[in-house]
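Hi everyone, thanks for making time. I'd like to walk you through a structure that's probably new to most of you, so have a look at it first.

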Amino acid sequence: MFKGLLLDKADDGATKAAVTDIDEARLPEGEVLVDVACSTVNYKDALAITGKSPVVRKFPMVPGIDFAGTVAESTDARYQPGDAVLLNGWGVGETHWGGLAHKARVKADWLVPIPSDLDARQAMAIGTAGYTAMLCVMALQDRGLVPTSGPVLVTGANGGVGSIAIALLAKLGFEVHASTGRLAEAEHLRRLGAREIVDRSTLSEPGKPLQKERWAGAVDSVGSHTLANVCASLRYGGTVAACGLAQGLDLPASVAPFILRGVTLAGVDSVYAPQARRLVAWQRLANELPKDLLEANTETIGLDAVIALAPRLLAGQVRGRVVVDVG
Ligand code: NDP
């Protein structure tokens, strides 16, 4: 038996969540059994645990879209007992039992070796949110963005994706502007590397199709009117890496920024990103993300505190990253 967070559907359709003892024989199939040390609470995990959105496709389900730990058993030659591994995405925590439990059994193809200069806790302080932030930075750089291009905006600045995107872009020498609804956290955002703080209310309402050219690039985890206004405010040839929907799934925009300013809307998906890109992203995170900022951006909780945290995260009341100490 091992301890884990289990989700089930009640008769009225509501999601029931409980920390409980689970029989190891119930774990899904996979070549590698992992002793999970740490997991995290991402936006998607909070949606799954609260049942606010149909993230979980089959019940019962152990949520947790990411985890880090040690290989306990493996029938795949690439992994041996004792290897330090992490996992993001691939439907884990949605269609395959995930990381918010002491044990996980997964496909070997889904695992990434933890880079040697990160431990399991640091890997999860980064987690899916931080790895997605790096994929967004890579998407901007792929399209030629360099620090001399001009300032870069990060929306959802106090969230997991936003906070790590700020630290990464600032370390690379970009002038980072941070859009937030929590102006009281401005000092934290400046410590991460933000040069200017933008009140998110100036971006979250319907705006003109073309606005003053402000930013050369942007990382957007918010969507909806905010993403439309960001597109309308990018400088000629600018790019926005769009990865999230914290404000909404809609995109009430016009084509004006694309056809008149050559703006690029670059979509970023972390769940099914190819392995080669994952390995680059994780090695870059290990090399480029300052460890002291990572620590200052992270809160650690136990498995028993996850259910209460989920609605607070969806309400935008959690700053930075939350690591769950599972072990
Ligand atoms: P968090 O909850 O940690 O951060 C979201 C942030 O968005 C909040 O902290 C808040 O920042 C801002 N925000 C919240 N509500 C609103 C609102 N109504 N209007 C405008 N801004 C708002 O989530 P994550 O950082 O983990 O994830 C962010 C988004 O990215 C989510 O939608 C998530 O699903 C998505 N995502 C997508 C991935 C992919 O593969 N494409 C991978 C990972 C995440 P502040 O208080 O500073 O304004």
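**Around the ligand**

Let's start at the ligand: helices α1 (43-50), α2 and α3 (160-171) each supply at least two residues of the shell around it. Before I go on, please keep in mind that this is a predicted model.

Which residues come nearest to the ligand? Out of the 32 residues around it, those are Gly156, Asn158, Gly159, Thr180 and Gly244. If you sort the shell by class, you get 11 nonpolar, 17 polar and 4 charged residues.

And where does the ligand lie relative to the domains? It sits between domain 1 and domain 2, because both of them give residues to the shell.

**The two domains**

So let's look at those domains. The domain assignment builds domain 1 from two pieces, 2-114 and 297-325, while domain 2 is 129-267. Their C-alpha centres are 29 Å apart. Where the two touch, domain 1 puts in 8 residues and domain 2 puts in 10. On the domain 1 side, that contact is made up of 1 nonpolar, 5 polar and 2 charged residues.

There's also a record to mention here. The unreviewed UniProt entry carries the annotation "domain: Enoyl reductase (ER)" for residues 13-324. In the model, that span is 30% helix and 26% strand, and its end C-alpha atoms lie 27 Å apart.

**The six-stranded sheet**

Now, find the open sheet of 6 strands. Reading across, the order is β10-β9-β8-β11-β12-β13, and the pairing is parallel. At the edges you have β10 (194-199) and β13 (264-267), each with a partner on one side only. From one strand to the next, the twist averages 20°.

Let's zoom in on one pair. Strand β12, residues 234-242, runs parallel to β13, and 4 bridges join them. If you want a spot to click on, Val240 stands opposite Leu265 in β13.

What packs on this sheet? One element is helix α2, residues 120-142, which touches β11 (215-220), β12 and β13. We met α2 already, as it also supplies residues to the ligand shell. Another is helix α5, residues 224-233, touching β8 (152-154), β11, β12 and β13. The direction of α2 makes about 150° with that of β12, and for α5 the angle with β12 is also about 150°.

**Two backbone oddities**

Last stop, the backbone. As a reminder, most residues other than glycine have a negative phi, and most peptide bonds are trans.

Where is the cis peptide bond I'd like you to see? It joins Phe59 and Pro60, with omega at about -10°. Pro60 belongs to the loop between α1 and β4 (66-74).

Then there's Trp90, a residue other than glycine with a positive phi, near 60°. You'll find Trp90 in the loop between β5 (84-88) and β6 (103-106).

That's the tour, thanks for listening!

Definitions and conventions: Residues numbered from 1 in each chain as written. Predicted model: local features only at pLDDT ≥ 70, side-chain atom pairs only at ≥ 80, totals over all residues. Pairing = 2+ DSSP bridges. Axes fitted to C-alpha atoms, helices over the stretch in contact; angles between N-to-C directions. Contact = placed C-beta atoms within 7 Å. Near = placed C-beta within 6 Å. Nonpolar A, V, L, I, M, F, W, Y, C, P; charged D, E, K, R; others polar. Domains from an automatic or database assignment. UniProt positions renumbered as here; feature names shortened; annotations may be inferred.
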